[in-house]
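Labels such as "buried" or "salt bridge" are handy, but it helps to see what stands behind them. Let's go through a few together.

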Amino acid sequence: MKILREIRDYFLPAYSVKYADPENDIKMLAKMVRQTERLINSKTGKRYVYCFLSDDKNLRTAQYLFRRNGVPVVCHKSHYNWSGYEWVLRISNDVLDKDENINNFINSIEAQRRSVSVPDYEERIKIIKRQKMGYER
């Protein structure tokens, strides 16, 4: 089943970099992400960066924003916060070590997370969801 999802995601037209706008995408992700945690060891011993979202309904939208900017994130069901399972976006630390651009992208989100202001947030979410489906606006 995982292979089918990867194939589907690969062929979706919106996963091209056509709509990527790193500056605005960082602002949107900084607004969506409530917490990031680095170097968390999973059961397999690998290290990851976990991005906890403030609202789970925008999980796929946030995943799309990461992917269209070249960050390979995976949806993961985590029990990190001990309050039950929660969906997070997870990035392998190996990817961050290999690619400086991805590392800078994640650092920019973390830096802007507390001070970002997006006045037309809901409208932008609607536009991003349409772009995810392959439409211009």
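The questions below take labels used for this predicted model and trace each back to its value.

Q: Why is Leu96 called buried?
A: Leu96 has a relative accessible area of 3%. Buried means under 20%, so Leu96 earns the label.

Q: Where does Leu96 lie, and what is it in contact with?
A: Leu96 is in helix 4, residues 93–98. Leaving aside neighbours within four places in sequence, Leu96 is in contact with Arg38, Val49, Ile91, Ile102, Asn103 and Ile106. Pro72 is 24 residues away from Leu96 in sequence, with 10.0 Å between their C-alpha atoms.

Q: Why does Ile3 count as exposed?
A: The cut-off for exposed is over 50%. Ile3 has 60% relative accessibility, so it counts as exposed. This residue is found in helix 1, residues 2–11, and joins Leu4 and Ile7 in a nonpolar surface patch of about 320 Å².

Q: What makes Asp25 and Arg68 a salt bridge?
A: The closest N and O atoms of Asp25 and Arg68 are 2.7 Å apart. A salt bridge needs the nitrogen within 4 Å of the carboxyl oxygen, so the pair qualifies. The two residues link distant parts of the chain: Asp25 sits in helix 2 and Arg68 in helix 3, 43 residues apart. Both Asp25 and Arg68 are buried. The structure holds seven salt bridges.

Q: How do you know that Asp55 and Lys57 form a salt bridge, and which label does each get for exposure?
A: Their N to O distance is 3.9 Å, and the limit is 4 Å, so the pair is counted. Asp55 has a relative accessible area of 31%; partly exposed lies between the 20% and 50% cut-offs, so Asp55 is partly exposed. Lys57, with 59%, is exposed.

Q: What makes Glu123 and Lys126 a salt bridge, and where do they lie?
A: The side chains meet at 3.8 Å, N to O, which is within the 4 Å limit. Both residues lie in helix 6, three residues apart, or about one turn of the helix. Glu123 has a relative accessible area of 45%, so it is partly exposed. Lys126 has 52% relative accessibility and therefore counts as exposed.

Q: Why are strand 2 and strand 4 said to pair?
A: Pairing takes at least two bridges. Strand 2 (residues 47–53) and strand 4 have five bridges between them, in the antiparallel sense, so they pair. One of the bridge partnerships is Phe52 with Val88.

Q: What makes strand 3 a partner of strand 4?
A: Five bridges join strand 3 (residues 74–78) to strand 4, and the two run antiparallel. At least two are required, so this pair counts too. Here Lys77 has Trp87 as its bridge partner.

Q: What makes strand 4 mostly covered?
A: Six of the seven residues in strand 4 (residues 86–92) are buried.

Q: Which residues touch the most other members of the largest nonpolar core?
A: Among the core's 29 residues, they are Met28, Leu29, Met32, Phe66, Val71, Leu89 and Ile91. Helix 2, strand 2, helix 3, strand 4, helix 5 and helix 6 each supply at least two residues of this core. Leaving aside neighbours within four places in sequence, Leu89 has contacts including Val49, Leu53, Ala62, Phe66 and Val74.

Technical notes:
Residues numbered from 1 in each chain as written. Predicted model: local features only at pLDDT ≥ 70, side-chain atom pairs only at ≥ 80, totals over all residues. Heavy atoms only, no water. Buried < 20%, exposed > 50% of the residue type's maximum accessible area, 1.4 Å probe, protein only. Helix = DSSP H or I, 4+ residues; strand = E, 2+ residues; numbered from the N terminus. Core = buried A, V, L, I, M, F, W, Y, C linked by side-chain atoms within 4.5 Å. Contact = heavy atoms within 4.5 Å. Patch = residues over 30% accessible without salt bridge, like charges linked within 9 Å, V, L, I, M, F, W, Y side chains within 5 Å. Areas by Shrake-Rupley, 256 points an atom, 1.4 Å probe, with all protein chains shown as cover.
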